[in-house]
Amino acid sequence: MQQRLTLRRPDDWHLHLRDGEMMKAVLPETARHFARAIIMPNLVPPVVTGADAAGYRDRILWAKPKGSKFQPLMTLYLTETTDVRDLRAAAEIGLITAVKLYPAGATTNSASGVRDITKVMRVLENMAQIGLPLCVHGEVTDPEVDIFDREAVFIETVLGPLRQKLPELRVVMEHITTKDGIDYVKGGGDTIAGTITTHHLVINRNHILAGGIRPHYYCLPVAKRETHRLALRAAATSGDPSFFLGTDSAPHLDSAKLQPCGCAGCFTATNTLSILAHVFEQESALERLEAFTSLNGPAFYRLPVNEDTITLTKGTAVQHPAQIDTADGPVTVFDPGFALLWHVSA
Ligand code: DOR
Ligand code: ZN
């Protein structure tokens, strides 16, 4: 049985760092293990312009732990009034790595997102021209559509038609939670890829709802039934270059999660790699972990792979903290529900 595994240092292709005190508290958790991360722009107010992205990047670089080489890869939040010239300029100087599409109202801080996709077609055409990837939160927001069907309906009614109109646009379907999403990406050629989170490899909807409601397992897109989780695990552990890690680690204060109407998000930055090693070992796929965490993402984003490495060693149970303290209160770390035996050393 394998007890030790060395990988190129991983990247996180979907991360929420927030800002201010929260960022200060959670950034070290990611910077400890990851070389780079795609930084989601859903701040309040959102990161809409090149100037917003430059300011946010500087705050991240300033807040990162001393000596850390962590590199934030910035994104812009697409709105119906996004300025094409500003976006192109930000892409040309390498300030931004992608643009994020939130359907308005789909998730946390998405109110400024897109209501009518036809209003952003000119921006998307420009992105297709310059090869700038679009990261998509793939859920419809129609209240008539059941929350468990929103991803599949988005593929059928929004993403499919969009990619038919603009086949050169490079798209990352973020945090895929369904077999429908996996199948769509698999059959979609080399202009589409998908990120898969750590928590969606571990939980299904029973974990949220059976035997009591568990707010710390509530995220968006919401975890689906077991067949979907198994499809995600098969895709993530297959080595297929279309799939890579985007943790969607999304910190919220416990005081905001433990409410009659609690916010969506699982905070997994702290223990993601231990959990992934466990999952890949269960699937007899440890030799494909590096593809998922460290190779497939850079290949899609046309970035070099990281040169340095991390080592995972199997031993006695890892003592991860149950919570991370921030100046405003604790953030609960995702509990996978099983003991974690894989230790990460940098
Ligand atoms: O669970 C989620 N939390 N899903 C998202 O799409 C957004 C994120 C957040 O920002 O908290
Ligand atoms: Zn997210």
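1. In this note, Ala, Val, Leu, Ile, Met, Phe, Trp, Tyr, Cys and Pro count as nonpolar, Asp, Glu, Lys and Arg as charged, and the others, Gly among them, as polar. On that basis the shell around ligand 1 in this predicted model is made up of four nonpolar, eight polar and two charged residues.

2. Which residues come nearest to ligand 1? Of the 14 residues around the ligand, these are Arg 18, Asn 42, Leu 220, His 252 and Ala 264.

3. Three polar contacts to ligand 1 deserve a look in the structure. A polar side-chain atom of His 252 lies 2.7 Å from an oxygen atom of the ligand, and a polar side-chain atom of Thr 107 is placed 3.0 Å from an oxygen atom of ligand 1. Ala 264 takes part through its backbone, with an N or O atom 3.0 Å from a nitrogen atom of ligand 1. Of the 290 Å² of accessible area that ligand 1 has on its own, the protein covers 100%, and the space that the ligand takes is the largest cavity.

4. As for the zinc ion (ligand 2), its protein donors are His 14 and His 16, each through NE2, together with Asp 248 through OD, at 2.0 to 2.1 Å from the ion. Along the sequence these donor residues follow the spacing H-x1-H-x231-D. Distant parts of the chain are thereby linked by the pair His 14 and Asp 248, which are 234 residues apart: His 14 belongs to strand E2 (residues 12-15), whereas Asp 248 sits in the loop between strand E9 (243-245) and helix H10 (254-257).

Note on methods:
Residues are numbered from 1 along each chain as its sequence is written. Chains are lettered from A and ligands numbered from 1 in the order in which they are written. This is a predicted model: local features need pLDDT of at least 70, side-chain atom pairs count only at pLDDT 80 or more; totals for chains, interfaces and linings use all residues. Side-chain values use heavy atoms; hydrogens and water are left out. A residue is near a molecule or strand if one of its heavy atoms lies within 4 Å of it. A polar contact is a pair of N or O atoms within 3.5 Å; within protein, one must be able to donate a hydrogen and the other to accept it, and residues adjacent in sequence count only if both atoms are side-chain atoms. Accessible areas come from the Shrake-Rupley method with a 1.4 Å probe; for residues, only the protein chains shown count as cover. On a 1 Å grid over the protein atoms alone, a cavity is a set of points where a 1.4 Å probe fits but cannot get out, and a pocket is an open set with protein on both sides within 12 Å along at least five of seven lines; lining residues have an atom within 4 Å of a point. A molecule sits in a cavity or pocket if more than half of its atoms lie within 2 Å of its grid points. Donors are N, O and S atoms within 2.8 Å of the metal (3.2 Å for Na, K and Ca); water is not among the atoms, so sites may look incomplete. Helices (H or I, at least four residues) and strands (E, at least two) are DSSP runs, numbered from the N terminus.
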